[in-house]
Each structure stands twice: as structure tokens, then as C-alpha cells.
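Thank you for sending this along for comment. The points below are meant to be read with the structure open, and they move from the whole chain to single residues.

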Amino acid sequence: MTLTDFARRVTDSGTCAVTGSGAAGPDADAAPGATGQAPAPVAGADAADSRAVGREADGLAVASFVLGLVGLLVFNILLGPTAIVMALLALARRTRRRGRALLGLALGVADLVVLAVLVTGSGAVAWDFGG
């Protein structure tokens, strides 16, 4: 929505009949709040903010899934907790990709379980597949 569409909507709703530069009143040079009226909010600002937060939360969900999946093979001591934190952040920010966030959470926990099993078996934090 452009600024002119916003001016038309305000005019059509009947709350303000002044639009455009030719309809300036006696206080045209005054500051926006000088006449006692609050400046009009910018339309779409809240929607743009919520889209940015939603996009960021979706990215966190996907990243947690990928890190949890990769963490099953390498660096599970680092990638497991990172996947868990990212998944919890994505769920807290109401991601649209809730399934991926839950999978990332499960894979992060699985990373730590795999690490615990392998460390218990070998007795060291460093492990390998060789006999």
C-alpha cells in the first residue's frame, strides 16, 4: 500500500477530509503535533515488523533442523545444544515452520544422546568409528 492509498482510505472513512498538498490549512507550516493532533501512524509498519520476525523465526527453525541433522555425524557437542536453542527460539517466536523447529529440537537432543552413548562406550570425549 502506498502513501496515496493510505490518504484515500483516510478520506473514504470520513475521519479526515484533507489530502494532498493543495488542501493545506492555516497551520500548514506547524509541526505535526502542534495542533494537538497526534501524527498519523504509518500503515503497514506493524505488518512489516511481524513479517520480518516471522521470517527470522522460520530461518531459526530451518537452521535448527539442519544443525541437528549435521550434528548427528560431526561436532555433536557443539551443534546439538545450538540446534536446541535455535529450535526453542523459533517456537517462542511463533514460527510457521513448527514441524521443522520440533524436528530440530528432537535432533539436537538426539545429538546429545549419541554423544553420551559414544563417550560412555569409549571413556573419552573424542570418539571414532575405528576398532
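1. Helices here are DSSP runs of H or I with at least four residues, numbered from the N terminus, and by that rule Leu105 lies in helix H4. Please keep in mind throughout that this is a predicted model.

2. On the overall make-up, the secondary structure of the chain comes to four helices and zero strands, so that reading along the sequence gives the pattern α-α-α-α. Of the 131 residues of the chain, 18% count as buried, and the chain exposes about 9200 Å², of which carbon and sulfur atoms supply 65%. If one takes the contacts in the chain between residues at least 6 apart in sequence, 64% of them join residues at least 24 apart.

3. The pairing of H3 and H4 deserves a careful look, since the axes of these two helices come within 8 Å and cross at roughly 155°. Angles over 145 degrees count as roughly antiparallel, and H3 and H4 are therefore roughly antiparallel to each other. The crossing of H3 and H4 is left-handed. On the H3 side the contact is made by residues including Ile77, Leu79, Pro81, Ile84 and Leu88, and on the H4 side by residues including Leu102, Leu105, Val109, Leu112 and Leu115. By class, this contact of H3 with H4 has 16 nonpolar, four polar and two charged residues.

4. Which residues does Leu105 touch, once those up to four places away in sequence are not counted? They are Ile84, Ala87 and Leu88. Leu105 is partly exposed, because its relative accessible area is 23% and buried means under 20%. The C-alpha atoms of Leu105 and Val85, which are 20 residues apart along the chain, are separated by 8.0 Å.

5. Pro81 is found in helix H3, where its relative accessible area of 33% makes it partly exposed. Not counting residues up to four places away in sequence, Pro81 touches Asn76 and Leu112. Pro81 and Asp111 are 30 residues apart in sequence, and their C-alpha atoms are 8.3 Å apart in space.

6. Ala116 is found in helix H4 and, at 41% relative accessibility, counts as partly exposed. The C-alpha atoms of Ala116 and Ile77 are separated by 9.5 Å, although the two residues are 39 places apart along the chain.

7. Two loop residues should be checked for their backbone angles, given that most residues other than glycine have a negative phi. Phe75, which is not a glycine, has a positive phi of about 50°, and it is found in the loop between helix H2 (45-71) and helix H3 (76-92). Is Phe75 buried or exposed? Phe75 is exposed, because its relative accessible area is 59% and the cut-off for exposed is over 50%.

8. The second of these residues is Arg94, which lies in the loop between H3 and helix H4 (98-122). The phi of Arg94 is near 60°, again a positive value in a residue other than glycine, and Arg94 is exposed, with a relative accessible area of 71%.

Note on methods: Residues numbered from 1 in each chain as written. Predicted model: local features only at pLDDT ≥ 70, side-chain atom pairs only at ≥ 80, totals over all residues. Heavy atoms only, no water. Buried < 20%, exposed > 50% of the residue type's maximum accessible area, 1.4 Å probe, protein only. Contact = heavy atoms within 4.5 Å. Areas by Shrake-Rupley, 256 points an atom, 1.4 Å probe, with all protein chains shown as cover. Axes fitted to C-alpha atoms, helices over the stretch in contact; angles between N-to-C directions. Parallel < 35°, antiparallel > 145°, perpendicular 65-115°, else oblique. Left-handed = near helix turned anticlockwise from the far one by under 90°. Nonpolar A, V, L, I, M, F, W, Y, C, P; charged D, E, K, R; others polar.
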